[in-house]
Amino acid sequence: MPVRKWWVWVPVFLLSIPSLLDARTSSDSVASIAVNDEIRALLTRDYQIDVLVEPHAGDAWTRLAKRVTGDAARWEDLAQFNHSDDNLKTEQAVRVPFALLRPSLQRDILRTLFPNDRRTDAGWMHIVVGGHGIEGEPLWNIAEWFSGDGANYAAVRKANPGQGLSTRTGDVILVPNALLTAAFGSGPEGENAPKTAAEVRRSKDAQAQHAPADEDASEASLPAPVGVPSLTYERTNTEPYAVYRLQKGEALYSSVAIRFTGRVYAKDVGDVVERVVKFNNIEDVAKIPVGYAVRIPMDLLLPQYRPQDDPARLAEEASQRASAKLARRTRARNLAGVHVILDAGHGGSDPGATLGDVRESKYVYDVMCRLQHILEKKSAAMVSITRNEEAVLTTPEYPLDDAIVGVNLRWYLANSLFRRAIKAGVDKEKVVFISIHADSLHPSIRGAMAYIPGERFVRGSYEKRGSVYLARAEVRERPVVRHSEHESLEAEGLSRDFGESVIAAFEDAHLPVHTFNPVRDNVVRDGSEWVPAVIRYNLVPTRLLLEVCNLGNRHDRELFMTRKFRQQVAEAIYRGLVDFYTEDADATQVAGRS
């Protein structure tokens, strides 16, 4: 059947389908299109794409799901999305999430909505249409449509250096090949394969970047196959769960516990695997066949892997969109005018993670010193450090006798340095805080991971009391720390951009990076979620706690002991900083503009 395409204002469409998407009105719509006789799509005023399908006479959920998604098993997702039971009511239009559509349908919808878009050797070129208000389609939405994940907006922004988060009609946005879904040229036509930033990383030089797991691991640790995990959901069960079918080379601990639940610490990974084993009545984890349908209790899943209408997922996506809009970073050629505050984890009587002869505090301090030297030699940045080998550099200095006091005095010192910089005329967006650490995680995990301050964990007022604190000038000058919602969202957005920039620099230098979600807005450990104090109570908007490797993995540990690797790490952090503030005179050419 030939595709019929036209552009009409919403009132015409509303007359054709009166029950349009929970009674949307013309006031919240921009335009609509008809893809074919049964499928129509609506572009809302907040730039969301809503899709409606008119069932055939005598249709069933499975047949409709097969027709529009390519997978009959998706019928349960569609039924749940429409708050329906097992019986399809053919007299009512069915709502279908854009992400579930077959690639050909996704392509037809977007090509019709944006007729000036085109394929290039570098990727997909999107021409911003706009249509409501001053701003056009946000980068978040563009990333969501063409890569399958709005969180890829940072990667899209990196591919378009001259582009801000806000767009205007006529802006040209390049979505690189590595991010594109099957609908736009990345992968077989039959696949519906949105890619998250983590999936893209994993597909690039996976063997080179991720050596086999430590020999103490009980299961084989091979790079997971390229592609996006396909989950189905069962929410009517007493204990709701998701289903994932294991692929060749995958193991429960890596492809379920670490990937879908975000657990990284050995005990937490073990606890999740034990629960999944019991939940599935698995007798021998070493003999799970390829294609085995693993049931994962819903409460274990990270928000991003939950159903599209799950409150936790909706809340996280809303927070990321809000923080992305506030991440209005500035430019600084050669880091001119930038004030970098460097912190090395632990120190003094606190060695941090210790495995064999490797003490975290010793080696991360070496990385910090190398980074300080690079910044002072190569850039115009001003550099401050929070500690030497034995003390926090407060006034007076604090000998690192108590680890907790030491951590708290670091953020008090960072806040004082931040206030001094602002008083001296430095833009707040040109102050950066980096705390350098080395993790001790499950032995199968390799590479760097960056923690940023998730907005939901960083609100309210904080204060540390006691003579050990009040003896320091930095505490006395402002003992109480306050974060507004706006400040917390801004910090999450700027810090996420910065974290993505540093992780990308690690990848460019072929340094190991954690396979799944290497930029995280909280730590998950012992059943709790939290943000490390050194960045939680910190006032610097752009702040990062960087775990440069996993000392629990033998390969990472051996690398970390070499001067060459530590120098490469320092140079990668420096490159991430430079890229974050890059002012590229040729930026417009990257996006195809002249």
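Start by selecting G148, the residue that follows helix α5. Its phi is positive, near 90°. Keep in mind as you click around that this is a predicted model.

Now step back into the helix itself and select residues 139–147, which make up α5. How many of its nine residues are buried? Eight of them are, so α5 is mostly covered. To see them, colour L139, W140, N141, I142, A143, W145, F146 and S147, the buried residues of α5.

What does α5 pack on? Show the sheet next: α5 lies against it, touching β6 and β7. If you line up the view along β7, the direction of α5 makes about 45° with that of the strand.

While the sheet is on screen, trace its strands. There are three, in the order β5-β6-β7, forming an open sheet with antiparallel pairing. Select 118–119 for β5 and 172–176 for β7; these are the edge strands, each pairing on one side only. Between β6 (residues 123–127) and β7 you'll find five bridges, with the two strands running antiparallel. For one spot to zoom in on, pick I127 and look across to V172 in β7, which stands opposite.

Back to α5 for its aromatic side. Select W140 together with Y153, the latter sitting in helix α6 (residues 153–159). Stacked, tilted or edge-to-face? The ring centres are 5.9 Å apart and the planes meet at 35°, so this pair is tilted. Along the chain the partners are 13 residues apart, and the pair links distant parts of it. W140 and Y153 are both buried.

That pair is one stop among many: the structure holds 16 aromatic pairs. For a group of rings, select W411, Y412, Y462, Y469 and Y537, which ring pairs link into a cluster.

Next, go to R295 and show the rings of Y241 and F279. R295 lies over the face of Y241, at 5.5 Å from the ring centre. R295 also lies over the face of F279, this time at 5.0 Å from the ring centre.

Last stop: Q80, in helix α3 (residues 75–81). Is Q80 buried or exposed? Its relative accessibility is 18%, and buried means under 20%, so Q80 counts as buried. To see what surrounds it, add Y233, R235 and D309: Q80 is in contact with these residues, leaving aside its neighbours within four places in sequence.

Notes:
Residues are numbered from 1 along each chain as its sequence is written. This is a predicted model: local features need pLDDT of at least 70, side-chain atom pairs count only at pLDDT 80 or more; totals for chains, interfaces and linings use all residues. Side-chain values use heavy atoms; hydrogens and water are left out. Two strands pair if DSSP finds at least two bridges between them. Helices (H or I, at least four residues) and strands (E, at least two) are DSSP runs, numbered from the N terminus. Contact means heavy atoms within 4.5 Å. Axes are lines fitted to C-alpha atoms, for helices over the stretch in contact, and angles run from 0 to 180 degrees between N-to-C directions. Rings of Phe, Tyr and Trp (its six-membered ring) pair if their centres lie within 6.5 Å; planes under 30 degrees apart count as stacked, over 60 as edge-to-face and the rest as tilted. Buried means under 20% relative accessible area, exposed over 50%, partly exposed in between (1.4 Å probe, protein chains only). A charge sits over a ring if NZ of Lys or CZ of Arg is within 6 Å of the ring centre and within 35 degrees of the ring normal.
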